[in-house]
Amino acid sequence: MNTHATTRIVGAPVPRKEGVDKLVGRACYVDDMKREGMWYGATVRSTIPRGLIRSIAFDRRIEWSEFTVVTAADIPGENIIQLIVADQPCLADGKVNHCEEPILLLAHPDKHKLREALGGVKIEYDALPPVFTIEESEQQDQIVWGADNLLKSFLLEKGDVDSAWAGAGHIVEGEYRTGAQEHLYIENQGIIAEYSAEDGVTVWGSLQCPYYVFKALRGVFDLPDEKVRVIQTETGGAFGGKEDYPSILASHAALLAKKSGHPVKMVYDRMEDLAATTKRHPARVRHRTALDKDGKLLAIEIHLDTDGGAYATLSSTVLSRATLHSTGPYLCPNVRVRAQSWATNHVPYGAFRGFGAPQAVFAMERHMDEIAATLDMDPVELRRKNFLHDGDTNATEQLMREPIILDKLLDRALQASAYHAKCAQFARENELNPIKRGMGIAAFYHGSGFTGSGELYLNSLAGVDVTPESKVRVLVSNTEFGQGTNTILTQIASEALGIEYSDVTMAAPDTDMVPNSGPTVASRTSMVVGRLIERACLQLISRLREQAGLGATHTREEFLAACERYRVAHGEVSSMCRYEAPPDIYWDDQKYHGEAYGAYAWAIYVAQVAVDTVTYSAEVENFWAVQEVGRVLHPVLAAGQIEGGIAQGIGYALYEKVVLDGGRMTNNQMTNYIMPTAEDVPPIHVYFEEVPFRYGGFGAKGLGELPHDGPAPAILNAIRDATGVSFNSIPLLPEDLYAGLAASHPVEEPALP
Amino acid sequence: MNANEKADTNAHWPAIRFTVNGESRTVNVPPMKRLLDVLREDLHLTGTKEGCGEGECGSCSVRMNDELVNSCLVPVLQAEGAEIQTVEGLALEGELDPLQEAFLQNGGAQCGICTPGMLMAAAQLLAHRPHPSETEIREGLAGNLCRCTGFTRIVASVAAAARSTESNPAMEPELEQTHHAR
Ligand code: FES
Ligand code: FES
């Protein structure tokens, strides 16, 4: 295993593979593309949250013969978007279950005419009573999905929770809530589709998972594999938002292309993207915790519920990750987590960086500070006392075989942030200052890769080949959308093959050219796919040594010459590898018991926050992020991922509110859905401790999602430190701060000048 | 070519003349057509991006007569006689401009969709404040949203570009970044 530090390319800050294209404006995003004879497509959507479609009428003043109109009746295959549960139609047929549900599609050569025509389709409904909250859904007065509104539930149990309460020194309860969050990738969703009888469906688009879209199109069009082709274009941000939704948009564009006989481009504008596409699941998490008199955890009981929206989409897997992250990086002998995802008549919620973990971690880490306050303990020491160590088992009784260095991460975070000195200083200064400052901390871990046996089911295939032009190509369906896939995978390949970074390129992300190496999600690319590429390269080297006379050490010229000899003898030079699980992996999908993840990334985050008690604004002034993510493959990219995730986490905590009214997002514009700007994001100090992971690509674990888990609880803990008031819901906007502070200090005199 | 474009390039629209990246251009398009669309559709300069269409995200930023404008808010008639610079005008003859070079070295671009606008905003800032403080950089970029980077590395890139034009270009960017191997 080549995980030690003597690498040339892995670990070096090589330039981003597609960086120059992006910097000169040459990178080609889907809206920059045009196909010969291309038309544009648009979507007629439901204006009500739930009901039956009574009639569809077309305004006579519009020349409809110029348009292509597609309804559910035009779907050649199944009217279902294939994902986990087959419940979501591609186009509503007779009934609608959420606002913005697609009902009908239009195409026209002129996009301006399309806009007018959208208003010329009049749909009448017989409305049915909608369900909008977890509480309404769990009441089950209205059944809007399945037999009981329950999209999915999990029960995780360790030890004996029920008998732990009696002997407890302390019992602490709390309820925590998190809101929906929009991905706000700066490039909206977009697809271009073509159809021909000979080639079937071809789509180009902004997407994360070409083979997810492939599977959806195959079902909607009832086509064999060879007649479906999905090509990812340069993708302007995704964060999970382009994991499942592109399957819907690609199906729509392709239906229009088939019926119109033209290539069709569908690119949402910002308002449509915000209103109609997925968001992070809102959650309600209830904690009940037993501790001994010294603050050692005895029992954790959690009820975690999410709003899944109108269809199942990815709610089950998001809930799974929430469940598995809900007890944090702590040792506790008795655990019960009951997790449920409820159907409502909201736009379906979906994947978003962290995938359920940010909700669960927010609750756990906020709750830890409430426990500390109840026990009158230092929140830092409470955490330290309960940390997991090597050889412990976590909530699923997974044995922690790899080294855990939480204490070291904590020490480093405390030292870098001057935590205790600042706490003391702020406590002194706050008294006379209308601006109250505080420090907050969060400790957490994030599992890398698919949950449990997920990676085995994915059965990923990936590899490398060498073209007759001596270009070495990485063959994966994993996509670049800013996080650095192209760069790290070509680093791994060039390192393992003993050639130069510039010798290796990525094969086009095109299902006709690359194998299914699984989706680009779940922080799996560096660890799982990176390892596959490393293995494929080492396999190629040993083949070249055995069969093409490559020496025990080689130059790049010798490598390329050996490849040519191999090509002459065997036709083509390629090396593919399939996923193999690390040994001793055991996972019970029913009981939620065993090795939940192959590896965990660990982190301690510290936020310094200032609360202005005159304007009721909270500002993050400084942020420290200390983490262990295995080997760091690329220092600049890795730090960039952490910083970007933290900025999104700050938005999640303090800025970003999806305002829903009657099932519709009413602030679906960048003017009123507010994300942090360059002026709002504080200096972020990023530190890595490296503990190479044996089964990851050159020792890497996942890091892409980790940074979204910690900021919100660290920030709200800092606000508690600053003000003495507990806030248990995010987003926490100035009006919420005002309400909470006013309620807790109703008679407080204005601060002295 | 679609029907819409045929109409746009129809000579019955008055000619509008301006300079883009040093080249003079003439378009016959509806005068209220957005400068963004004229650049992308009529002049095939697709480096300039649309993120919101309402002046909030800055991904359509271009420099016009030494001002930073959101080209999604500018009807092309306002560009009559103007000098416009887009991202395509930065790297002349294939050489990256110091700003682009700094973004490449410092991780200033991730998904790249905000990058053209961000480079324009940074170029505008540096043209007027060659050696900005961190606060000035953050202010100068506050109209440009980036969802990927958290801005840290964009700010560092702009600072590095500013330093690269100083007498002592060897200074490292002030990025804190520490690795401990174990
Ligand atoms: S597209 Fe012009 S500001 Fe967003
Ligand atoms: S790099 Fe993706 S939005 Fe800035």
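A salt bridge is taken here as a side-chain nitrogen of Lys or Arg within 4 Å of a carboxyl oxygen of Asp or Glu. In this predicted model, the side chains of A:Asp512 and A:Arg229 satisfy that criterion, with an N-to-O distance of 3.4 Å. The pair connects distant parts of the chain, the two residues being 283 residues apart. A:Asp512 is located in the loop between strand E19 (504-506) and helix H14 of chain A, whereas A:Arg229 belongs to strand E11 (residues 228-232) of chain A. A search of the whole structure, over all chains, yields 66 salt bridges.

Six salt bridges are found across the interface of chain A and chain B. In one pairing between these chains, A:Asp32 forms a salt bridge with B:Lys49, and the closest N and O atoms are 2.5 Å apart. The contact between the chains draws on 72 residues from chain A and 54 residues from chain B. About 5,100 Å² is buried between chain A and chain B, and carbon and sulfur atoms account for 53% of this area. Of the area that chain A buries against chain B, 15% is supplied by A:Leu23, A:Ile186 and A:Ala678, more than by any other three residues.

Helix packing was examined within each chain. In chain A, helix H13 (residues 485-497) packs against helix H14 (residues 525-547) at an angle of about 30°, and the axes are 9 Å apart. H13(A) is therefore roughly parallel to H14(A), since angles under 35 degrees are assigned to that class. The crossing of H13(A) past H14(A) is right-handed. On the H13(A) side, the contact involves A:Thr485, A:Ile488, A:Leu489, A:Ile492, A:Ala493, A:Ala496 and A:Leu497. Residues met in H14(A) include A:Val529, A:Gly530, A:Ile533, A:Glu534, A:Cys537 and A:Leu538. Classified by residue type, the contact of H13(A) with H14(A) comprises twelve nonpolar, four polar and one charged residues.

In chain B, helix H3 (residues 98-106) and helix H6 (residues 152-164) pack with their axes 8 Å apart, at an angle of about 135°. This angle makes H3(B) oblique to H6(B). H3(B) and H6(B) cross in a right-handed sense. H3(B) contributes B:Pro98, B:Leu99, B:Ala102, B:Phe103 and B:Asn106 to the contact, while the residues from H6(B) include B:Arg153, B:Ile154, B:Val158, B:Ala161 and B:Ser164. Nine nonpolar, three polar and one charged residues make up the contact of H3(B) with H6(B).

Two features of the backbone of chain A were also noted. Most residues other than glycine have a negative phi, and most peptide bonds are trans. A:Asp222, a residue other than glycine, has a positive phi, near 50°. A:Asp222 is placed in the loop between helix H4 (210-221) and E11 of chain A. The peptide bond that joins A:Ile730 and A:Pro731 is cis, with omega at about 0°. A:Pro731 lies in the loop between strand E28 (729-730) and helix H19 (734-744) of chain A.

Note on methods
Residues are numbered from 1 along each chain as its sequence is written. Chains are lettered from A and ligands numbered from 1 in the order in which they are written. This is a predicted model: local features need pLDDT of at least 70, side-chain atom pairs count only at pLDDT 80 or more; totals for chains, interfaces and linings use all residues. Side-chain values use heavy atoms; hydrogens and water are left out. Axes are lines fitted to C-alpha atoms, for helices over the stretch in contact, and angles run from 0 to 180 degrees between N-to-C directions. Helices (H or I, at least four residues) and strands (E, at least two) are DSSP runs, numbered from the N terminus. Angles under 35 degrees count as roughly parallel, over 145 as roughly antiparallel, 65 to 115 as roughly perpendicular and the rest as oblique. A crossing is left-handed if the near helix is turned anticlockwise from the far one by less than a right angle, and right-handed if clockwise. Contact means heavy atoms within 4.5 Å. Ala, Val, Leu, Ile, Met, Phe, Trp, Tyr, Cys and Pro count as nonpolar, Asp, Glu, Lys and Arg as charged, and the others, Gly among them, as polar. Buried area is the accessible area (1.4 Å probe) that two parts lose on being put together, summed over both.
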